[in-house]
Amino acid sequence: MFRNKKFGFYAVTLCLTGLAYTLVCAALETGLTGVVQRFVKSWSGQTTELPTLVGSFLAVPAAFLCGRAVVKSGPRQALLVCAAVAALGCAGLAAAGGIYPLFFVSAAAIRCACALIYICLAVLCAGWSIRYRGRIMGIVTLGAPLMGAVGAGTVTRLISGYLSGDYRPYFLGLAGALMLLALLDRFLLRDLPEEAGLYPDGAGRPPLSEPEDEQPPLTPKQICKDGRAWLLFVICGALAAVAAGCMGGMGARFLALGGEELWLSASRWLALGAILSIPASYIFGVIDDCAGSAVAVILLAAMELLCALALLMTPAAGSPLWGVALCAGGACLLGGPSTVIPCAIGRVYGRRQFAAAGAILLPAVLLPAAAAPVVTVQLIQAGLGRTACMALVGLAAIGLAAALLLIPIRDANAPDRGRDNKT
């Protein structure tokens, strides 16, 4: 890939810019929870979390519109708009003070824009690489695991220590970072390597797996009639829902099960898992490239099942065995889905149809991801914690069983993935 210096420049720029985008988005999401709740005392925790929840659900229809725009105009244009919306949301948070309506709109816009930024980045990565698709996805999506390892506590301590408790410079700094990234996106990136006179992965020829005549993008109707799309929705929807449900419900589950002592014990394992999620993101990309997307999906589904079982089976007094399972599963939950889900779509539909398929499937996956933590927490607070955990275990098992059905589906870009990839 780096033998072609021109391609190497674009590849490095894409990886670093994409990584910076995901890091800023993760910092924003950390700010919407930890920072605002820590420094804005006039609103309750539920009041500050409500706009984030609304933004998560608004992201579903917005992602469909964004996906269609990506198909027509390319991911870079949509990425510019999303970055601008998120930057305006940052400015709104800094200016909100005690004005709750402005805070609500700004926080919801940020949450929605961040979800769309991830979609645009996935399309960009899929367009530039076939052979190294997983590894590039793994690098670009490292931002969330990196911020997860840092933690909201570190951010709030920095604001307390260096900004005298004034959180406004934090959000204004992130707004400036977004605008800088938008400039880099505008002038240094291209939607496809062909626009720069290149081919995917820096190869000296067009992809063997793609027809010489460019095919029109699949229509939403064609995708909805395709059984493979429904299989992907079941797999990716289950993976996203279990990851969001487990991570969103852990605090409530352990507090209800064993109180503060159990939650503190589990937090230590989760902190280690957050650190391990940094290499996990890239490792899943390597597995995707070397063993095939089906293997990566099956492995992630199995680890999600392990994490859900840890939530279900951990005794009130705690357990080192289930703590290790929680650590390993949590690492995969934090680092895996953002890498594996786009790669699974790429396996089935290939580079050329990734944007069209992603415009339908990626927004659809956002819905179970938004609903799962809400439902999980509500069940736990209603005294049905075991039922919530059993539901997550069942959902993970369904995802694992469905993932096995990916094995006979041939990779759409198999000749360019280094072998006739059937797994």
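Visitor: How do the axes of α10 and α11 lie, and at what angle do they cross?

Guide: In this predicted model, the axes of α10 and α11 come within 8 Å and cross at roughly 140°.

Visitor: Why is this pair, α10 and α11, called oblique?

Guide: An angle has to be over 145 degrees to count as roughly antiparallel, and 65 to 115 degrees to count as roughly perpendicular. The crossing of α10 and α11, at roughly 140°, falls in neither range, and the two helices are therefore oblique to each other. The crossing is left-handed.

Visitor: What makes up the contact between α10 and α11?

Guide: Helix α10 contributes Leu300, Met303, Glu304, Leu306, Cys307, Leu309, Ala310 and Met313, while α11 contributes Trp322, Ala325, Leu326, Ala328, Gly329, Gly330, Cys332 and Leu333. By class there are 13 nonpolar, 2 polar and 1 charged residues. Since Gly counts as polar and Glu as charged, the polar residues are Gly329 and Gly330, and the charged one is Glu304.

Visitor: Why is the pairing of α10 with α14 described as roughly antiparallel or otherwise?

Guide: Helix α10 (residues 293-313) and helix α14 (residues 385-404) pack at about 165°, with axes 9 Å apart. That angle is over 145 degrees, so the helices are roughly antiparallel to each other. Their crossing is left-handed.

Visitor: Which residues of α10 and α14 form this contact, and how do they divide by class?

Guide: Among them are Val297, Ile298, Ala301, Glu304, Leu305 and Leu309 of α10, and Arg386, Cys389, Met390, Val393, Gly399 and Leu400 of α14. The division is 18 nonpolar, 1 polar and 2 charged. Glu304 and Arg386 are the charged residues, and Gly399 is the polar one. Glu304 also takes part in the contact of α10 with α11.

Visitor: What makes α1 and α6 oblique to each other or roughly parallel?

Guide: The axes of helix α1 (residues 5-39) and helix α6 (residues 143-162) come within 9 Å and cross at roughly 40°. Roughly parallel requires an angle under 35 degrees, and the pair is therefore oblique. The crossing is right-handed. Residues that meet there include Leu19, Leu23, Ala27 and Arg38 in α1 and Leu146, Met147, Val155 and Ile159 in α6. The contact has 12 nonpolar, 6 polar and 1 charged residues.

Visitor: How many cavities are counted, and how much space lies in the largest?

Guide: The count is 3 cavities of 30 Å³ or more, and the largest cavity holds about 60 Å³ of space.

Visitor: How do you know which elements line the largest cavity, and what is the lining made of?

Guide: The lining consists of Phe254, Leu262, Ser265, Ala266, Trp269, Thr314, Gly318, Ser319, Trp322, Gly323 and Leu326. Two or more of these residues come from each of α9 (227-291) and α11 (320-335), and α9 gives the most, with 5 residues. The lining divides into 6 nonpolar, 5 polar and no charged residues; Ser265, Thr314, Gly318, Ser319 and Gly323 are the polar ones.

How values were computed
Residues are numbered from 1 along each chain as its sequence is written. This is a predicted model: local features need pLDDT of at least 70, side-chain atom pairs count only at pLDDT 80 or more; totals for chains, interfaces and linings use all residues. Side-chain values use heavy atoms; hydrogens and water are left out. Axes are lines fitted to C-alpha atoms, for helices over the stretch in contact, and angles run from 0 to 180 degrees between N-to-C directions. Helices (H or I, at least four residues) and strands (E, at least two) are DSSP runs, numbered from the N terminus. A crossing is left-handed if the near helix is turned anticlockwise from the far one by less than a right angle, and right-handed if clockwise. Contact means heavy atoms within 4.5 Å. On a 1 Å grid over the protein atoms alone, a cavity is a set of points where a 1.4 Å probe fits but cannot get out, and a pocket is an open set with protein on both sides within 12 Å along at least five of seven lines; lining residues have an atom within 4 Å of a point. Grid points are joined across faces, edges and corners, and a volume is the space filled by probe spheres set on the points.
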